[in-house]
Amino acid sequence: MPDTAAVKKAQSRNERRLLDTRILEPGTGKAFELRKGEVLRIEQAVGNQCVDFNCFNLHDYKEFMHCGRTRTVHGFNPTEGDFLWSAPPRENAMLYILKDTVRRNDVLFPRCSAFLYESAYGFDVHTNCHDIQAEAQREYGLTPDDVHDSFNFFMCTEVARDGRATITRQNSNKGDHVDLVAMMDVLAIPNVCGADIMRTSNFALKPVRISIFEASENDLAAVPNVASMKSQRTPDQFRNAQIKATRELVADPDYVPEFVNTPIEEEQIVLELDEAEWAIFEEHARRDIYGDDHGAAFRDILFSWWEDRFLNAASGAPSTSGKTHD
Amino acid sequence: MGSEDGKRHRLVLSLNQQQIELVDRTIANGFAESREALFRLALKEYDERRGAKADA
């Protein structure tokens, strides 16, 4: 006989409470307030539909999701187990990808825009992710200039050998979904990608379903701790914390630059190597870069060694263990 | 930047204050007793690692 109390307890740990669910029709997007600990599900209602995505700190729109940072930490195709990060100097984990049934997302390509459809296809007006995002964000007082690089869910991209990024067709099915756990209160804005004459969504626009859940205990337990660092700054640490309200850029006559650690000054350090050490050094010295500058060649070896020896995560990715994120 | 003196080869590293901070912090963490010792350790382990990679 199963222990019904234990089964019920296990079920309750897995239980999510549905807070909102709706369909996003082709050509549209919608801003959703997502509180810390809630789960945003982006789901294929038909299949094969790319979903562009913007995200802001709900209490400070100047903090926004940064594809460059996210790409640096997690690569070109972030997926389950990765975070969506905000831009420097905040660099906070905004969302965590808890579940991804397709595992094909993109942070290489920018959002499509009206300019693209006019310049390449001759359209005066065409659905495009920038304008869809702008229209959805307008509900919260944001302007078209506030739309930022999009995280492209269900978008299949590759980097060719010549370095160019390319888009390929996708193969997602009805019900495929991505679940994102909010690490802070955010305004999350998914939109149905407007590209119907590209292979991004297999040459057709389809609806997607958006649902918001209160996370289950197990959902929250699955989110790794994120290290908290001094360098993750807040506006009260800015020398200029005031949001600029005029469009014209005018120099501040009282401005005095305060760059950190300046002036950068070099110290000369002498090192003597014996024959055996010199032979090793000669074997590894990058003469193709540094020529006869032995000091520069050794400095390269020194800090390359340091990276190999002590860098715990690639590309400066913050550790996802250790101190708990507030 | 380098010169040969008998069997000793002399080179001069130019390190800025931030690079020196990292070197000194690594020493303070117990990985070497001096800058010179750390530089030698770096060369040795760099060689071992590259050798190991070449073997792999």
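## A walk from the interface into chain A

Let's start where the two chains meet: chain A and chain B bury about 3,900 Å² between them, with carbon and sulfur atoms giving 62% of that area. Buried area here is the accessible area (1.4 Å probe) that two parts lose on being put together, summed over both. On the chain A side, A:I269, A:L271 and A:W305 lose the most area to chain B, together 18% of what that side buries. Before going on, keep in mind that this is a predicted model, where local features need pLDDT of at least 70 and side-chain atom pairs count only at pLDDT 80 or more, while totals for chains, interfaces and linings use all residues. As for bookkeeping, residues are numbered from 1 along each chain as its sequence is written, chains are lettered from A and ligands numbered from 1 in the order in which they are written, and side-chain values use heavy atoms, with hydrogens and water left out.

Back to the contact, which takes 35 residues from chain A and 36 residues from chain B; contact means heavy atoms within 4.5 Å. Across this interface there are 5 salt bridges, each a side-chain nitrogen of Lys or Arg within 4 Å of a carboxyl oxygen of Asp or Glu. One to look up is the pair A:R309 and B:E45, whose side chains meet at 2.9 Å, N to O. Polar contacts add another view: 20 residue pairs between chain A and chain B, both residues at pLDDT 80 or more. A polar contact is a pair of N or O atoms within 3.5 Å; within protein, one must be able to donate a hydrogen and the other to accept it, and residues adjacent in sequence count only if both atoms are side-chain atoms.

Which elements of chain A give two or more residues to the side that touches chain B? They are strand 15 (266-273), helix 6 (275-284) and helix 8 (294-310). Helix 8 of chain A supplies the largest share, 13 residues. By class, this side of chain A has 16 nonpolar, 6 polar and 13 charged residues. The classes count Ala, Val, Leu, Ile, Met, Phe, Trp, Tyr, Cys and Pro as nonpolar, Asp, Glu, Lys and Arg as charged, and the others, Gly among them, as polar. Helices (H or I, at least four residues) and strands (E, at least two) are DSSP runs, numbered from the N terminus.

Strand 15 of chain A also pairs across the chains: 8 bridges join it to strand 2 (residues 8-16) of chain B, and the two run antiparallel. Two strands count as paired if DSSP finds at least two bridges between them. In this pairing, A:E272 stands opposite B:R10.

Now move into chain A, where 6 strands form an open, antiparallel sheet in the order 1-14-3-12-7-6. Its edges are strand 1 (17-24) and strand 6 (83-85), each of which pairs on one side only. Neighbouring strands of this sheet are turned by 20° against each other on average, direction ignored, using axes fitted as lines to C-alpha atoms (for helices over the stretch in contact), with angles from 0 to 180 degrees between N-to-C directions. Within the sheet, strand 3 (residues 38-44) and strand 12 (residues 177-182) of chain A share 5 antiparallel bridges, and A:R41 has A:D179 as its bridge partner.

Elsewhere in chain A, strand 10 (residues 156-159) and strand 11 (residues 165-168) pair antiparallel over 4 bridges. They form a hairpin with 5 residues between them, and A:G163 in the turn has a positive phi of about 95°. A:C156 faces A:T168, and A:E158 is partnered by A:T166. In the loop between strand 9 and strand 10 of chain A sits A:F154, which has a positive phi of about 60° although it is not a glycine.

Finally, some loop details. Cis peptide bonds join A:P88 to A:P89, with omega about 5°, and A:T262 to A:P263, with omega about 0°. A:P89 lies in the loop between strand 6 and strand 7 (93-100) of chain A, and A:P263 in the loop between helix 5 (217-221) and strand 15 of chain A.
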